[in-house]
Amino acid sequence: MAKNEELQTIGRLRKGDVLALRAFVEAKPNKAERDEKKRKLLETLKAKLPRKKSKSKSKVEKTTEIKEDPKITIRKVLIGWQHFDKVKNKYVSVRMSKGGGSRDISVPINSTRADIIEQMKLVFFPHGKSVFGSASRMKMSLGDFKYEEITDDDFTLMNYIKLYKLSKVRLYLLTKSVDDIRNIFESSDSEEELCPAFDEHGLCPTFDEHGHTSGLIGSVSERSNLRQQQDVEYLQSLTKDQEKENDKRKELQSIQDKVKEEQDLYRARLANVVHEPDMSEPHVTVSVRHLTIGVQTRRFPILCLISSIYDWVGSLSPNPTHFTLSSCDMASFDPSLPVTLDCSSIKQIQDNHDLNNLEVIEDIWEVPPPFLLEGDVMKSEPILDSNVEIAAATLENEESNQQGNQIRQNEIDNPNIYPSLDDRSLHDDLQNLPVTRVLKIRRVNIMQDMIENFKDESIMQIHVKVVMINSFGKEELGVDDGGVFRDALSAFWSSFYDSCTVGEEERVPVVRHDFKEEEWEAIARILVKGYSELKFFPVKLNKVFMFSTLFESEKIPDELLMESFLGYVSKDERDLINTALKDDDLDDNQEKEWLDFLERFDCRTIPKKEDRQTIILELAHKEMVQIAQFIIDSWRKPFKENLANRDAFSSRESLEEIYQNARPTVKRVLKLIRAEPTSNSQRAVLSFLKRYIRGLDDEKLTKFLRYCTSSTMICVESIKVVFTDLDGAARRPIAHTCGSVLQLPTTYQSFPQFRQEMNNIFSSQYWDIDIA
């Protein structure tokens with residue numbers, strides 16, 4: 001043990017500190033105290049640390065979780081039976097000795113309340129009987145594990161298990177005797193045992209919470225009156241039910257009579273259909289697009305009426321019962337007219353089932369040109385392969401027509417109906433009809449197909465009809481009455497501009513290694529044919545190029561050269577030319593651009609200020625005439641043969657007028673619009689249309705024109721606007737390009753709504769002629 005002096009060397013300690021230190025060292029440690037202190041420290045530490053769930057507890061929790069196995073469709077259910085005790089006024093469990101007890105049954109997982117009650121009834125009411133009475137005398141319900149009645153109509157066993165998270169399912173059958181329920185309302189005939197129906201204040205008697213009351217309603221006479229009143233109400237209710245049944249029978253009979261009438265009409269039309277002539281007989285070929293069975297084609301005798309077409313259309317299907325054939329502008333055709341007078345018009349069906357509310361159906365019945373003559377030989381049906389000529393025989397075999405329906409023949413022979421039709425005049429008309437060639441053109445190969453078809457020079461002397469083949473290799477439904485041919489021309493020249501020309505606003509054709517004189521002559525015939533039949537002229541072709549082609553011996557005016565060249569070059573180059581001609585001195589940047597411009601056009605000299613216009617004219621002549629001279633020479637022959645006697649191409653002024661009238665502008669397109677609105681909604685949508693046209697740029701204006709007329713330039717006299725009531729998902733504009741008719745719904749609520757739907761149409765990259 002250290003001495004006090006030694007302890008002082010540790011530090012300056014007081015005497016009391018030395019004594020305390022010495023006592024602490026000399027004291028013997030108490031093990032119990034140390035253990036208690038250690039235990040308290042551990043408990044304090046454990047209290048501060050987060051507690052971990054015991055494995056046993058987690059296992060218990062996992063066992064309580066119900067995992068739904070989709071393969072399990074049957075569940076075991078523990079069932080019991082509780083019957084209502086009227087003395088205790090509650091449900092009491094029925095023991096095993098009385099047919100109750102706990103039972104196990106297997107129940108489908110999707111069983112409803114009624115399904116489970118039915119199975120419980122089989123267990124607790126064998127043969128429909130029990131100690132409390134038969135099952136038919138019991139009111140049964142389903143109780144849960146809390147002995148409470150389940151009233152949910154959407155109850156299923158699966159929902160019940162999920163709702164209460166049950167691993168074992170327990171359910172009870174709750175029964176109550178019907179006799180016990182009725183005892184509440186039963187009484188004797190003694191009036192002393194009865195209570196009045198109403199008290200002295202005129203109030204009804206009240207029942208306690210168990211449904212008991214001290215008496216019945218009213219006296220004997222009052223009850224008798226009540227029965228009589230109930231009998232009267234019952235008879236009245238019975239009479240109304242009988243009237244309803246009679247109304248239903250009448251409605252059913254009306255429907256049956258209507259169906260019978262439609263069937264009779266269908267059979268009558270079927271019996272009236274005229275015979276179909278042979279290919280060697282004179283005939284009219286008619287194609288229709290039926291509302292339900294698609295396009296149908298049939299031959300008709302020449303000497304028949306449009307009513308024969310009505311009979312045939314009505315015989316294709318019982319519906320629609322009543323209809324009208326009409327043109328795109330809704331002008332209906334008279335059934336009493338000869339078929340040869342109106343058969344070249346586009347016909348549209350109108351369902352006339354409700355004559356007071358005529359609804360125009362979008363599907364169209366179209367009749368193509370009736371028949372075509374080429375000598376006396378029929379070569380083919382309409383709409384076949386390319387370069388197939390369609391012809392019909394003359395009337396030398398007219399006696400074969402007598403095989404037709406006698407009723408229709410009598411109408412034809414009647415001079416009051418057909419006063420001007422005789423064999424000679426009809427024969428003369430047939431001889432004067434042009435031969436028609438039907439061309440099948442693929443949209444994906446428009447250039448090749450059109451050029452191949454027009455290599456034949458004889459195509460200029462016959463009528464051309466076009467059938468478009470879409471990108472899926474299927475024929476489009478449109479039947480050509482001018483609109484499909486215009487669409488083919490628009491597609492051809494758009495492709496031609498991209499692959500065979502150079503320039504910007506005005507395009508000049510360029511020589512290609514794969515195009516010889518035969519191909520360029522075919523392209524010239526396409527231009528001539530389009531203008532001859534449809535007034536279609538490709539306005540993007542350079543004016544100087546066309547002038548040189550048409551007027552070989554005339555000198556090209558300088559102002560025409562300059563105007564066309566400014567349309568030939570780009571906008572930046574156009575601005576540079578105007579600056580060079582206007583300003584004598586060019587700054588450094590302009591001078592550099594001017595020299596680059598001359599180099600691009602292979603100019604070998606640097607012109608002086610006074611020679612700039614001369615150099616530009618020389619470059620213009622080289623670019624627009626000299627380089628394209630081979631093409632100009634190739635085009636002159638078809639032009640001279642087919643346009644020699646046309647005033648429209650007789651002078652420069654007439655050529656300028658063609659360009660002027662054909663190029664679309666907002667004002668010119670607005671002048672084409674023709675409409676006769678009769679209501680505020682029609683006037684509003686017409687205003688939307690004109691406002692929309694005024695806001696279109698050149699590109700969208702061209703798309704609008706093509707959508708309505710199938711042409712990218714103005715070649716029609718008008719665009720007729722008619723109005724429809726289409727709404728909802730069916731609402732959209734419908735264009736009939738053959739007649740240049742635009743159908744507009746009148747259900748647009750605002751201009752932005754109208755503009756959005758129109759823009760959606762023009763933003764589409766693919767249009768298909770899908771209305772015949």
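This is a short tour of one helix pair and several salt bridges in a predicted model.

Start by selecting helix H16 (residues 543-550) and helix H22 (residues 652-662). Their axes come within 11 Å and cross at roughly 140 degrees, which makes H16 oblique to H22. The crossing of H16 past H22 is right-handed. Now show the side chains at the contact: H16 brings Lys 543, Met 546, Phe 547 and Leu 550, while H22 brings Arg 652, Leu 655, Glu 656 and Tyr 659. By class, that contact has five nonpolar, no polar and three charged residues.

Stay on H22 and pick out Arg 652 and Glu 656, whose side chains meet in a salt bridge (3.9 Å, N to O). The two are four residues apart in the helix, so about one helical turn separates them. Arg 652 is partly exposed at 22% relative accessible area, and Glu 656 counts as partly exposed at 22%. Add Lys 543, Glu 559 and Glu 563 to your selection: with Arg 652 and Glu 656 they form one network of salt bridges that share partners.

Next, go to Arg 636 and Glu 552, a salt bridge of 3.4 Å, N to O. Arg 636 sits in helix H21 (residues 629-643) and Glu 552 in the loop between H16 and helix H17 (558-568), so the pair ties together parts 84 residues apart in sequence. Is Arg 636 buried or exposed? With 12% relative accessibility, Arg 636 is buried, whereas Glu 552 is partly exposed at 47%.

Finish at Arg 574 and Glu 505, where the closest N and O atoms of the salt bridge are 3.7 Å apart. Arg 574 is in helix H18 (residues 571-582), and Glu 505 is in the loop between strands S16 (501-503) and S17 (507-509), 69 residues apart. Arg 574 is buried, at 18% relative accessible area. To explore further, note that the whole structure has 34 salt bridges.

Notes. Residues numbered from 1 in each chain as written. Predicted model: local features only at pLDDT ≥ 70, side-chain atom pairs only at ≥ 80, totals over all residues. Heavy atoms only, no water. Axes fitted to C-alpha atoms, helices over the stretch in contact; angles between N-to-C directions. Parallel < 35°, antiparallel > 145°, perpendicular 65-115°, else oblique. Left-handed = near helix turned anticlockwise from the far one by under 90°. Contact = heavy atoms within 4.5 Å. Nonpolar A, V, L, I, M, F, W, Y, C, P; charged D, E, K, R; others polar. Salt bridge = Lys/Arg side-chain N within 4 Å of Asp/Glu carboxyl O. Buried < 20%, exposed > 50% of the residue type's maximum accessible area, 1.4 Å probe, protein only.
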